[in-house]
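User: Hi! Could you walk me through this model, one question at a time?

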Amino acid sequence: MKYHQIDSFMQDRFPVVPVPKHGDFEEIDRDGHRYLVAADGLWIEVRTPWLYFRRKAGGSGVPIPYGTLTEETRFLCPPIPKRLLESFVQASREASPNEIVAQIIWRQSTADFRLAFLQYTSNGPGHIDYLMPHYGAGEIMVVDLHSHGRFDAFFSRKDNVDDAGQIKIAGVVGHCDQPVQRISMRLCVLGMYRELPIPLFQAREHEHGTSA
């Protein structure tokens with residue numbers, strides 16, 4: 001088999017690794033992702049400074065002579081302070097019926113989180129066009145938030161397109177004109193989505209690394 005230099009680069013960057021049947025499976029030890037061939041099909045494994053994620057990507061209709069895996073999701077950063085989400089909910093109420101956007105950004109060296117409201121070029125009851133924020137040294141976007149004004153909290157087709165290929169927690173706040181708001185959260189990993197509970201945002205010191 002002849003590989004182009006670009007193929008070699010891609011295989012080095014995103015390797016495909018057989019899962020040992022008799023030996024010990026070792027998690028990826030660097031930031032990035034790789035593909036794992038297991039007895040039941042293809043899996044994807046991802047590591048970032050704030051997340052470890054392993055999930056089946058596709059099944060196989062033929063026997064594969066490799067080992068087995070289990071799904072795993074671990075948050076490697078501290079729990080996100082609930083006050084940041086509450087601040088965004090309050091701002092969503094004040095901006096309703098127009099939409100707003102913000103991000104929760106984590107600085108790994110200090111373990112601090114901050115809420116950054118994004119500047120927008122236009123917004124309204126059903127849309128928002130915004131500018132990406134500036135990230136300081138060592139800062140990583142962990143949560144991407146937007147509001148739906150008077151509408152319910154759901155992820156639209158546009159949200160699915162925007163979130164595909166990203167690694168983040170996405171959140172949407174709806175019913176912003178009502179006494180109680182509805183919030184939906186999901187983990188987005190390279191086109192795969194997993195619904196998350198809101199208590200993820202309850203900050204307690206002993207919950208560092210809490211599983212989803």
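The questions and answers below go through the core, the salt bridges, the surface and some backbone details.

User: Before we start, what should I know about the model and its numbering?

Analyst: This is a predicted model, in which local features need pLDDT of at least 70 and side-chain atom pairs count only at pLDDT 80 or more, while totals for chains, interfaces and linings use all residues. Side-chain values use heavy atoms, with hydrogens and water left out, and residues are numbered along each chain as its sequence is written, from 1.

User: Which residues touch the most other members of the largest nonpolar core?

Analyst: A nonpolar core is a set of buried Ala, Val, Leu, Ile, Met, Phe, Trp, Tyr and Cys residues joined through side-chain atoms within 4.5 Å. Buried means under 20% relative accessible area, exposed means over 50%, and partly exposed lies in between (1.4 Å probe, protein chains only). The largest such core has 30 residues, and those touching the most other members are Trp50, Phe53, Ile104, Val143, Leu145, Ile169 and Leu187.

User: Which helix gives the most to this core?

Analyst: Helices (H or I, at least four residues) and strands (E, at least two) are DSSP runs, numbered from the N terminus. With five residues, the top contributor to this core is the helix spanning residues 82-95, helix H2.

User: Which tryptophan does Trp50 touch, not counting residues up to four places away in sequence?

Analyst: Contact here means heavy atoms within 4.5 Å. With that sequence exclusion, Trp50 touches residues including Phe75, Leu76, Ile169 and Leu187. The tryptophan that Trp50 touches is Trp106.

User: Is Arg34 buried or exposed?

Analyst: Arg34 lies in strand E2, which covers residues 32-38. Leaving out residues up to four places away in sequence, Arg34 touches Pro15, Val17, Phe25 and Trp43, among others. Its relative accessibility is 13%, so Arg34 counts as buried.

User: Which backbone oxygen does the side chain of Arg34 reach?

Analyst: A polar contact is a pair of N or O atoms within 3.5 Å; within protein, one must be able to donate a hydrogen and the other to accept it, and residues adjacent in sequence count only if both atoms are side-chain atoms. The Arg34 side chain has one such contact with the side chain of Glu45, at 2.5 Å. At 2.7 Å, the Arg34 side chain also reaches the backbone oxygen of Glu26.

User: How many salt bridges does the count come to?

Analyst: A salt bridge is a side-chain nitrogen of Lys or Arg within 4 Å of a carboxyl oxygen of Asp or Glu. One of them joins Glu45 and Arg34, with the closest N and O atoms 2.5 Å apart. That pair links strand E3 to strand E2, eleven residues apart, and Glu45 is buried with a relative accessible area of 0%. By this rule, the count of salt bridges is 13.

User: Which residue meets Glu27 in a salt bridge?

Analyst: Glu27, partly exposed at 30% relative accessible area, takes part in a network of salt bridges with Arg47, Arg54, Glu72 and Arg74. In that network, Glu27 meets its partner at 3.2 Å, N to O, and the partner is Arg47.

User: How many residues apart are Arg114 and Glu139?

Analyst: Arg114 and Glu139 form a salt bridge, their closest N and O atoms being 2.8 Å apart. Arg114 is partly exposed at 31% relative accessible area, whereas Glu139 is buried at 14%. The pair links strand E7 (residues 112-117) with strand E10 (residues 139-147), and the separation is 25 residues.

User: Which peptide bond is cis?

Analyst: The proline concerned, Pro97, lies in the loop between H2 and strand E6 (101-107). With omega near 15°, the cis bond runs from Ser96 to Pro97.

User: Where is His175 placed?

Analyst: His175 has a positive phi of about 55° although it is not a glycine. With a relative accessible area of 22%, His175 is partly exposed. Its place is the loop between strand E11 (167-174) and strand E12 (182-189).

User: What is the phi of Leu190?

Analyst: Leu190 is found in the loop between E12 and strand E13 (192-196), and is partly exposed at 27% relative accessibility. Although Leu190 is not a glycine, its phi is positive, at about 50°.
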